[in-house]
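Let's take a walk through this protein together, starting in the sheet and working out to the helices. Keep the structure open beside you and find each piece as we go.

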Amino acid sequence: MKKEEKAERIKQMQVLVKNSSAMFLVDYRGVNVADINKLRSNFRKDGINYKVLKNTLFKKALEQVGGYEKFNSQLVGMTGVAFAGENFVAPAKIIKKYFDESKKFTFKGCYIESAFYGADQLDIIASMPTKEEIMAGIVGSIAAPASGIVGAINAVIRDLVSVIDEVGKKKAA
């Protein structure tokens with residue numbers, strides 16, 4: 001690879017890093033091509049960009065961006081990188097599911113925003129709720145008091161109608 005090509009690849013990697021809210025490193029040793037394609041498809045469905053990058057070039061890109069020093073020791077062997085946008089939980093869920101099924105596609109570590117999480121924290125990250133789940137919970141929390149208010153108002157109206165009906169019956173009798 002020529003020097004110009006390397007420089008261009010490093011720039012492309014820097015753009016990926018800067019536009020990502022999270023980066024997940026995996027060791028894809030032992031994963032066959034069909035499974036890699038299936039994993040890429042799963043990543044794409046959730047808006048995740050999965051790349052196999054040359055470790056030395058990726059290290060240079062990270063050094064130039066700055067703040068990702070803990071990845072240096074992880075960038076050895078067969079490394080794949082999942083770049084996540086807003087949904088930083090999705091890569092963890094996909095990686096964990098595949099690893100649990102095949103014992104391959106080993107999680108090495110990740111950066112979410114500027115925080116580093118080691119290989120031992122995949123289960124914790126994968127168990128976190130997604131953005132959609134959090135939003136559904138918020139909407140449910142907002143809707144619950146509103147439905148309670150409607151129920152209380154209906155109860156008051158029902159009691160008022162009942163009282164008026166009883167008064168009407170007494171006057172008629």
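## A pair of strands to start with

Find strand β1, residues 22-27, and strand β3, residues 79-84: the two pair in the antiparallel sense, and six bridges link them. Keep in mind that this is a predicted model.

You can pick out individual partners along this pair. L25 has V81 as its bridge partner in β3, and F24 stands opposite A82, also in β3. What holds strands together like this, in general? Strands of a sheet pair through backbone hydrogen bonds, and they can do so either parallel or antiparallel.

## The whole sheet

Now zoom out a bit. The sheet is an open one with five strands, in the order β2-β3-β1-β4-β5, and the pairing is antiparallel. Which strands sit at the edges? Those are β2 (49-52) and β5 (115-118), each of which pairs on one side only. Going from one strand to the next, the twist averages 20°.

On its other side from β1 in that order, β3 has β2. β2 and β3 run antiparallel and are joined by four bridges. One match to look for here is V52, whose bridge partner in β3 is G80.

## A strand under cover

How many residues of β3 are buried? Six of its six are, so this strand counts as mostly covered; buried here means under 20% relative accessible area.

It helps to think about which way the side chains point. In a regular strand the side chains alternate between the two faces of the sheet. For β3, T79, V81 and F83 belong to one side, while G80, A82 and A84 belong to the other. Residues on both sides are buried, and both faces of the strand are covered.

## The chain as a whole

Time for the big picture. The protein chain contains six helices and five strands. If you read along the sequence, they come in the pattern α-β-α-β-α-β-α-β-β-α-α.

The chain has 173 residues, and 32% of them count as buried. What about contacts between parts of the chain that are far apart in sequence? Take the contacts with a separation of 6 or more: residues 24 or more positions apart account for 80% of them.

## Helices α1 and α3

On to the helices. The axes of α1 (residues 3-18) and α3 (residues 55-65) come within 9 Å of each other, crossing at roughly 55°. That angle makes α1 oblique to α3. The crossing of these two helices is right-handed. Who meets whom? From α1 come K6, R9, I10, M13, Q14, V17 and K18, and from α3 come L57, F58, K60, A61, L62, Q64 and V65. Sort the residues of this contact by type and you get eight nonpolar, two polar and four charged.

Have a closer look at Q14, which lies in α1. Is Q14 buried or exposed? It is buried, because its relative accessible area is 14%, and the cut-off for buried is under 20%. Leaving aside neighbours within four places in sequence, Q14 is in contact with A61, Q64 and V65.

## N55, a residue in α3

Stay with α3 and find N55, which lies in this helix. N55 is buried as well, with a relative accessible area of 16%.

Which residues does N55 touch, if you leave aside its neighbours within four places in sequence? They are L75, V76, G77 and T79. Take V76 as an example: N55 and V76 are 21 residues apart in sequence, but in space they are 6.6 Å apart, C-alpha to C-alpha. T79 links back to our earlier stop, as one of the buried residues of β3.

## Helices α2 and α4

One more helix pair to go. Helix α2 (residues 33-45) and helix α4 (residues 90-102) pack with their axes 10 Å apart, at an angle of about 155°. The two are therefore roughly antiparallel to each other, since an angle over 145 degrees counts that way. The crossing of α2 and α4 is right-handed.

At this contact, D35, L39, N42 and F43 in α2 meet P91, I94, I95 and Y98 in α4. By type, the contact residues divide into six nonpolar, one polar and one charged.

Definitions and conventions. Residues numbered from 1 in each chain as written. Predicted model: local features only at pLDDT ≥ 70, side-chain atom pairs only at ≥ 80, totals over all residues. Heavy atoms only, no water. Pairing = 2+ DSSP bridges. Axes fitted to C-alpha atoms, helices over the stretch in contact; angles between N-to-C directions. Parallel < 35°, antiparallel > 145°, perpendicular 65-115°, else oblique. Left-handed = near helix turned anticlockwise from the far one by under 90°. Contact = heavy atoms within 4.5 Å. Nonpolar A, V, L, I, M, F, W, Y, C, P; charged D, E, K, R; others polar. Buried < 20%, exposed > 50% of the residue type's maximum accessible area, 1.4 Å probe, protein only.
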